[in-house]
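Here are my notes on this model, in the order I'd talk them through. Have the structure open next to you as you read.

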Amino acid sequence: MDKYFGHMVMRLLAGLLLAGCATVPITGRNQMALIPAQQVLSLGSQSYDKMLKNEKVLQGTKEAAMVEQVGRRVEHAVERYFTQRGMSNRLAGYKWAFNLVESKDRNAACYPGGKVVVFSGLLPTTRDEAGLAAVLGHEIAHAVANHGNERMSQELLVKMGSTVLASSLSSLSPGQSELFNSAFGLGAKYGALLPFSRLHEEEADRLGTIFMAMAGYDPREAIGLWERMNTAEGNGSKNMEWLSTHPLPTSRIQNLRRVIPEAMRYYQTHE
C-alpha cells in the first residue's frame, strides 16, 4: 500500500512539473508555477491587507507622496513594456498599490499582484527618487517575475517529496527514519529553497534595474543604493551567504555592475 501511494505521488508530481512551467520575462528563465494565478493573487491581497492593518500607514506626507509617485512611474513603464510585447495578459488581475509604513526597518516588500510596501526606515538609505526607484523596481520585479508562485511551488514539491520519503521509510526503525527525514529537510532547505531565494533576489535586481531605467531613472544609481546599504549594515554581514536567503550587499554590487550595461540600453531612450 505504501509503495502504491508513493508511485501515485510521484506520478502526480511529474504531471505537475509538466503542466506548471512558465518563463520569466526578459531573463527567459524557466520556472515552476504550480499554483493557480488567481489563488496566488488572492493570497497576496489578503496578506497585504492584513499587514497594513497591523502597521501605521503614513499618508499625506512628502515621503508617502514620493513612494506613490515613483512607484506609479515604474509601474507604468513596466505595463508599457509588457503591452508593447503582447504580454499584458501576464499582468491580468494586478491591482497596484504603493504604501509607506512607519518602521525602523530598512526594508520593502512586494506581494503578488503588485502591492508594495516601503518601510520608512529605508528612506535615509534610498536618499532620493532614483534610490527609491531602485528599491521599487526590485520589488515590482518580484511580482512580475512570479516569484511568489514559484516559491510556493517549490515548498509544495518539498512537502510532497517528504511525504514520498516517509512512505518509503515506513519499514525502518523510528531512529533511522528520523535521521533520513532530517537529512532530506536540510538538503531541501540549503540545497534548493535558499539558493532559489538568492536566485530570485539576483533576478529581481537585474529586472528591477532595467525597470527603473525604463521609467527614466539612471540605473547606475542602484549601485550607490547598495553601497549605502552595505555601509548601513556595517560593511557586510558576517553570516555565510550560502545560509542566507539574500545575497550579501557586496555580492549584489558586483552583480549589478554586470547588469548596468544591459539596463543602460533601456535608459538611453529617455536621455
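1. Ground rules. This is a predicted model, with pLDDT of at least 70 needed for local features and pLDDT 80 or more for side-chain atom pairs, while totals for chains, interfaces and linings use all residues. Residues are numbered from 1 along each chain as its sequence is written, and side-chain values use heavy atoms, with hydrogens and water left out. Helices (H or I, at least four residues) and strands (E, at least two) are DSSP runs, numbered from the N terminus.

2. Helix α3. Residues 62-84 make up α3, so named by its place in the N-terminal count of DSSP runs. It has 23 residues and spans 33 Å from first C-alpha to last, close to the expected 33 Å at 1.5 Å a residue (the expected span is 1.5 Å times one less than the number of residues). Its buried residues (buried is under 20% relative accessible area, exposed over 50%, partly exposed in between, with a 1.4 Å probe and protein chains only) are Ala64, Val67, Val70, Gly71, Val74, Glu75, Ala77, Val78, Tyr81 and Phe82. Worth keeping in mind when you read that list: an α-helix has 3.6 residues a turn, so residues three or four places apart point the same way. After α3 comes Gly86, with a positive phi near 65°.

3. α3 against α5. The two axes come within 9 Å and cross at roughly 50° (axes are lines fitted to C-alpha atoms, for helices over the stretch in contact, and angles run from 0 to 180 degrees between N-to-C directions). That makes α3 oblique to α5; under 35 degrees counts as roughly parallel, over 145 as roughly antiparallel, 65 to 115 as roughly perpendicular and the rest as oblique. The crossing is right-handed (the near helix is turned clockwise from the far one by less than a right angle; anticlockwise would be left-handed). On the α3 side, the contact (heavy atoms within 4.5 Å) involves Met66, Val67, Gln69, Val70, Gly71, Arg73, Val74, Glu75, Val78 and Phe82. Their partners in α5 are Glu129, Leu132, Ala133, Leu136, Gly137, Ile140 and Val144. By class this contact has eleven nonpolar, three polar and three charged residues, where Ala, Val, Leu, Ile, Met, Phe, Trp, Tyr, Cys and Pro count as nonpolar, Asp, Glu, Lys and Arg as charged, and the others, Gly among them, as polar.

4. α5 against α8. How are α5 and α8 oriented to each other? They pack at about 85° with axes 9 Å apart, and are therefore roughly perpendicular. Ala130, Gly131, Ala134 and Val135 of α5 make the contact with Glu221, Ala222, Leu225 and Arg228 of α8. The class split is five nonpolar, one polar and two charged.

5. α8 against α9. The axes of α8 (residues 221-232) and α9 (residues 249-267) come within 9 Å and cross at roughly 175°, so the pair is roughly antiparallel. From α8, Ala222, Ile223, Trp226, Glu227 and Asn230 take part; from α9, Pro249, Thr250, Arg252, Ile253, Leu256, Arg257 and Ile260. Seven of these residues are nonpolar, two polar and three charged.

6. Around the ends of α5. Thr126, in α4, is buried at 0% relative accessible area. Beyond its neighbours within four places in sequence, Thr126 contacts Gly131, Leu132, Val135, Leu225 and Arg228. Arg127 lies in the loop between α4 (123-126) and α5 (129-144), and is exposed at 60%. Arg127 is not a glycine, yet its phi is positive, about 75°. Asn146 also has a positive phi, near 65°; this residue sits in the loop between α5 and α6 (147-168) and is partly exposed at 23%.

7. His147. Is this α6 residue, His147, buried or exposed? Its 5% relative accessibility counts as buried. Setting aside neighbours within four places in sequence, His147 contacts Arg29, His142, His200, Glu203 and Ala204.

8. Two long-range pairs to check. Pro36, in the loop between β2 (30-32) and α2, is partly exposed at 48%. Its C-alpha is 8.4 Å from that of Asn149, 113 residues apart along the chain. Leu43 lies in α2 (residues 37-53) and is partly exposed at 35%. Leu43 and Gly113 are 70 residues apart in sequence, with 9.5 Å between their C-alpha atoms.
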